Amino acid sequence: MRDFAKDILISTNLSLRRNIKGYDFPTTMTYDESLVIMDMVRNVFGDRLVLLTDLDDETIDKLISEMVLSPDVTSKLAQVGLIFEGDTTLVINDRDHISINISNFDLDLTGAYKKAVEIEKVLDSHFDFAFSSEYGYLTSGARNAGTGLEIWMKLFLFGLIDNPKTYAGFEQAMVYAGLYPQKFVPQGLKSYADDLYLLKNYGNYRDKPEAYLKKIEKDLETLVKNERRFRRDYRILNNIDDREVEEEIDLIEKSLETGLVKSLDKMMKALYRLKKYQLLGFNIKLSEDELNKMIKNLSSHKYKENFDAARYEYLMKEMGESHGK
């Protein structure tokens, strides 16, 4: 499945969110209250619990990118902790007291859900979770209340969605499938690469969540197949003149190499444009690994502003090494 969805399904995360009865949610709790929750979790997991402040920037960036952590996690008042076990990450005091995260499951939503449920059963024997007979499990985000299920999927789509009309059709189809689509815009920015999209589940009051997830799996498989098909025929369907694209690639690469691009917005638009053309078979100077590495590092949370001198220096260094190879 990994190869089937490669370069389309960028990242996936399924989480079950729970809060401990009798305590404020992390969105309103004090720092001292967060320490109480942390001690309760530490009594169960011991030294497997690590603090967010002990993690390096690369690990935090990866977890934010995979939507395991919220984008503003490093600026939260509460003390945040994590427990790692393979592709499973328990997060303490981010948006909810506990979130059970299963990442990078590709299209196997039911498998990820079953794994999260088994972990939740173990936790339920240690904690009294906040629950309402009317609303189900209570969460800081009202849309997650009910089962407490939250699914995020980040997709790179350029074959299937190439104008506002097709995006409107995509939105309608996804809403019908039980997913809320939106264009991906990182925290603090107004725009980003045009071809990045997020899908999130909605409606957590379904009696049979596994049946709902199986339907989503089938719809996503169809989505990925159609994106593959449209990518294959992209140059013909859009009457692409290869010489014009090669000219655009040359202009993008020169703007990056000569330092004309200084903002994160412009950097990401340029790099994802190159990624798109690379996937369509055009030659670019950066290898696939180099391109993905730059996209990942340039969007690091350690860069605090859209215009950041350190980010610009990193871009110049990487483009200089690439140009000189």
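Buried means under 20% relative accessible area, exposed means over 50%, and partly exposed lies in between, with a 1.4 Å probe and protein chains only. The structure is a predicted model, in which local features need pLDDT of at least 70 and side-chain atom pairs count only at pLDDT 80 or more, while totals for chains, interfaces and linings use all residues. Residues are numbered from 1 along each chain as its sequence is written, and side-chain values use heavy atoms, with hydrogens and water left out.

**Exercise 1. Two residues with positive phi**

Task: Find where Asp106 lies, and decide whether Asp106 counts as buried or exposed.

Solution: Begin with the backbone, where Asp106 has a positive phi of about 55° although it is not a glycine. Next, locate Asp106 in the loop between β5 (98-103) and α4 (109-124); here helices (H or I, at least four residues) and strands (E, at least two) are DSSP runs, numbered from the N terminus. Finally, Asp106 counts as buried because its relative accessibility is 12%.

Now treat Met67 in the same manner. Met67 is not a glycine, yet its phi is positive, at about 65°. Met67 belongs to the loop between α3 (57-65) and β3 (81-85), and with 11% relative accessibility Met67 counts as buried.

**Exercise 2. The surroundings of Thr12**

Task: Determine which backbone atom the side chain of Thr12 reaches, and list the residues in contact with Thr12.

Solution: First place Thr12 in strand β1 (residues 9-18), where Thr12 is buried, with a relative accessible area of 3%. The side chain of Thr12 reaches the backbone nitrogen of Phe105 at 3.0 Å. Contact means heavy atoms within 4.5 Å, and once neighbours within four places in sequence are left aside, Thr12 is in contact with Glu66, Ile102, Ser103, Asn104, Phe105, Asp106, Trp152 and Met153. Asp106 from the previous exercise therefore appears in the list for Thr12.

**Exercise 3. A polar contact of Arg95**

Task: Identify the side chain with which the side chain of Arg95 makes a polar contact.

Solution: Arg95 sits in the loop between β4 (88-92) and β5, and at 24% relative accessibility Arg95 counts as partly exposed. Leaving out residues up to four places away in sequence, Arg95 touches Arg17, Pro26, Thr27, Ser70, Lys76, Ser140, Asn144, Glu150 and Trp152. A polar contact is a pair of N or O atoms within 3.5 Å; within protein, one must be able to donate a hydrogen and the other to accept it, and residues adjacent in sequence count only if both atoms are side-chain atoms. The partner is the side chain of Glu150, at 2.8 Å.

**Exercise 4. Aromatic pairs**

Task: State how many aromatic pairs a search of the whole structure finds, and describe the pair of Phe158 and Tyr234.

Solution: Rings of Phe, Tyr and Trp (its six-membered ring) pair if their centres lie within 6.5 Å, and planes under 30 degrees apart count as stacked, over 60 as edge-to-face and the rest as tilted. The search of the whole structure finds 9 aromatic pairs. One of them joins Phe131 and Tyr137 edge-to-face, with 5.0 Å from centre to centre and 70° between the planes; Phe131 is exposed, with a relative accessible area of 52%. Phe158 and Tyr234 are also an edge-to-face pair, with 5.7 Å from centre to centre and 80° between the planes. This pair links distant parts of the chain, since Phe158 is in the loop between β8 (149-156) and α5 (164-176) and Tyr234 is in helix α7 (residues 234-237), 76 residues apart. Phe158 counts as buried at 1% relative accessibility, and Tyr234 counts as buried at 8%. Finally, Phe156, Phe158, Tyr234 and Tyr272 form one aromatic cluster.

**Exercise 5. Helices in contact**

Task: Give the angle at which α4 and α6 pack, and list the residues that meet.

Solution: Axes are lines fitted to C-alpha atoms, for helices over the stretch in contact, and angles run from 0 to 180 degrees between N-to-C directions. By this measure α4 and helix α6 (residues 209-232) pack at an angle of about 150°, with their axes 8 Å apart. Leu109, Thr110, Tyr113 and Lys114 of α4 meet Pro209, Glu210, Leu213, Lys214, Ile216, Glu217 and Leu220 of α6.
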